[in-house]
Amino acid sequence: MIPVLNQATLLFPSKSANESFARTTAACFAAQLDPTLEEIGDIKTAVSEAVTNAIVHAYPAELGVVTLRLRVLEGSLLEIMVKDRGVGIPDVDRAREPLYTTGDDTRSGMGFTIMESFMDSLRVRSTPGKGTTVIMRKRISQKAGRRP
Amino acid sequence: MAISFSNSSGVLTARFTGEIDHQVARSMMLALDGQVARDTPRRLVVDMSEVTFMDSSGIAVLLRAWRRMTAAGGGMEVLAVPPQPFKVFHTAGLDKIIPMQG
């Protein structure tokens, strides 16, 4: 277990307006690690994908609760968890394939691919009828002179 | 997110401003569909210089416009793509399908 140095948890309804709120909050939380502009962009993009998945796919018929947990772990490691208690994903491996989507034509099927590419690691756990948990980690670069 | 259009000599320019995500993707698609249907341009140019954030929803928006333009025998290009949206396009391989430059 890597020691947790700081954390924040946010719960919000699965409304599309909260996509922007969630990614901006994640970027603000990550600021304590002094990320580069590219790293901030990566974090915002990955969070937007995970939260949009929860909003679009987990709760297709009614509003539900989305949990965003942000952690700073020892070693300049940012951990982001996005959790829902929605319908779940029957086949996680298939859902992670590029271009696979069960959404409408506003979804490209590239969400998980982008999360994997923009973060260092991605874990997805899902149980049909119980919900999905996505955990992503990214080590924030340590440039000479940026930290004591 | 806002879209403004200008049309000159059969070239329709769409300027995107702000953040592109799932919340605005549908309205962007409808705005692009409507303008292309009205103007029937031979070329669509998307100017992304004022885009401040984009997730994979932008892929779906541009792919739909590209399919529509190519089906009608027209062309499309995307200009002034900022680094963050460009990384999203590149990850999806969209920069190999639609001509674009940062």
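Two residues are in contact here when they have heavy atoms within 4.5 Å of each other. With that in hand, welcome to a predicted model with a chain A of 148 residues and a chain B of 102 residues. In chain A, taking contacts between residues at least 6 apart in sequence, 67% join residues at least 24 apart. The points below go through each chain, then the cores, one helix of chain A and a few residues worth a look.

**Chain A overall**

- Chain A has four helices and five strands, and along the sequence they come in the pattern β-α-α-β-β-α-α-β-β.
- The radius of gyration of chain A is 15 Å, close to the 15 Å from the globule rule for 148 residues, so chain A is as compact as a globular protein of that length.
- The C-alpha trace of chain A spans about 50 × 30 × 30 Å along its principal axes.
- Buried residues make up 53% of the 148 in chain A.
- About 7,100 Å² of chain A is exposed, and carbon and sulfur atoms supply 53% of that area.

**Chain B overall**

- Chain B has three helices and four strands, arranged along the sequence as β-β-α-β-α-β-α.
- For chain B the radius of gyration is 12 Å, close to the 13 Å that the globule rule gives for 102 residues, so this chain too is as compact as a globular protein of its length.
- Along its principal axes, the C-alpha trace of chain B spans about 30 × 25 × 20 Å.
- Of the 102 residues in chain B, 50% count as buried.
- Among contacts in chain B with a separation of 6 or more, 66% are between residues 24 or more positions apart.
- Chain B exposes about 4,400 Å², with 52% of it supplied by carbon and sulfur atoms.

**Nonpolar cores**

- In soluble globular proteins, nonpolar side chains tend to be buried together.
- The largest nonpolar core holds 34 residues, and those touching the most other members are Ile43(A), Val47(A), Leu68(A), Ile80(A), Phe112(A), Met115(A) and Met136(A).
- Helix 2 (residues 37-58) of chain A gives the most to this core, with eight residues.
- Ile80(A) touches, beyond four places in sequence, Ile43(A), Val47(A), Leu68(A), Arg69(A), Leu70(A), Met119(A), Val134(A), Ile135(A) and Met136(A).
- Apart from the largest core lies another of 33 residues, and its members include Ile114(A), Phe16(B), Val46(B) and Ala65(B).

**Helix 4 of chain A and its surroundings**

- Helix 4 (residues 111-118) of chain A has six of its eight residues buried, so it is largely enclosed by the rest of the structure.
- The buried residues of this helix are Gly111(A), Phe112(A), Thr113(A), Ile114(A), Met115(A) and Phe118(A).
- Within chain A, these buried residues pack against helix 2, helix 3 (92-95), strand 4 (121-127) and strand 5 (131-139).
- On the chain B side, they pack against helix 2 (57-71) and helix 3 (83-92).
- Lys87(B) lies over the face of Phe118(A), 5.0 Å from the ring centre.
- As for aromatic pairs, the count over all chains is zero.

**Two residues of strand 5 in chain A**

- Thr133(A) is in strand 5 and is buried, with a relative accessible area of 10%.
- Thr133(A) and Lys83(A) are 50 residues apart along the chain, yet their C-alpha atoms are separated by 4.4 Å.
- Setting aside residues up to four places away, Thr133(A) touches Met81(A), Val82(A), Lys83(A), Arg123(A), Val124(A) and Arg125(A).
- Arg137(A) also lies in strand 5, and at 25% relative accessibility it counts as partly exposed.
- From Arg137(A) to Arg71(A) is 66 residues in sequence and 9.4 Å in space, C-alpha to C-alpha.
- The contacts of Arg137(A) outside its neighbours within four places are Ile2(A), Leu73(A), Leu77(A), Leu78(A), Glu79(A), Met119(A), Asp120(A) and Ser121(A).

**Leu10(A) in strand 1**

- Leu10(A) sits in strand 1 (residues 4-13) of chain A.
- Leaving aside neighbours within four places, Leu10(A) is in contact with Phe21(A), Thr25(A), Val66(A), Thr67(A) and Leu68(A).
- Leu10(A) and Leu73(A) are 63 residues apart in sequence, with 18 Å between their C-alpha atoms.

Conventions
Residues are numbered from 1 along each chain as its sequence is written. Chains are lettered from A and ligands numbered from 1 in the order in which they are written. This is a predicted model: local features need pLDDT of at least 70, side-chain atom pairs count only at pLDDT 80 or more; totals for chains, interfaces and linings use all residues. Side-chain values use heavy atoms; hydrogens and water are left out. Rings of Phe, Tyr and Trp (its six-membered ring) pair if their centres lie within 6.5 Å; planes under 30 degrees apart count as stacked, over 60 as edge-to-face and the rest as tilted. A charge sits over a ring if NZ of Lys or CZ of Arg is within 6 Å of the ring centre and within 35 degrees of the ring normal. The radius of gyration is taken over C-alpha atoms; the globule rule is 2.2 Å times the number of residues to the power 0.38. Buried means under 20% relative accessible area, exposed over 50%, partly exposed in between (1.4 Å probe, protein chains only). Accessible areas come from the Shrake-Rupley method with a 1.4 Å probe; for residues, only the protein chains shown count as cover. A nonpolar core is a set of buried Ala, Val, Leu, Ile, Met, Phe, Trp, Tyr and Cys residues joined through side-chain atoms within 4.5 Å.
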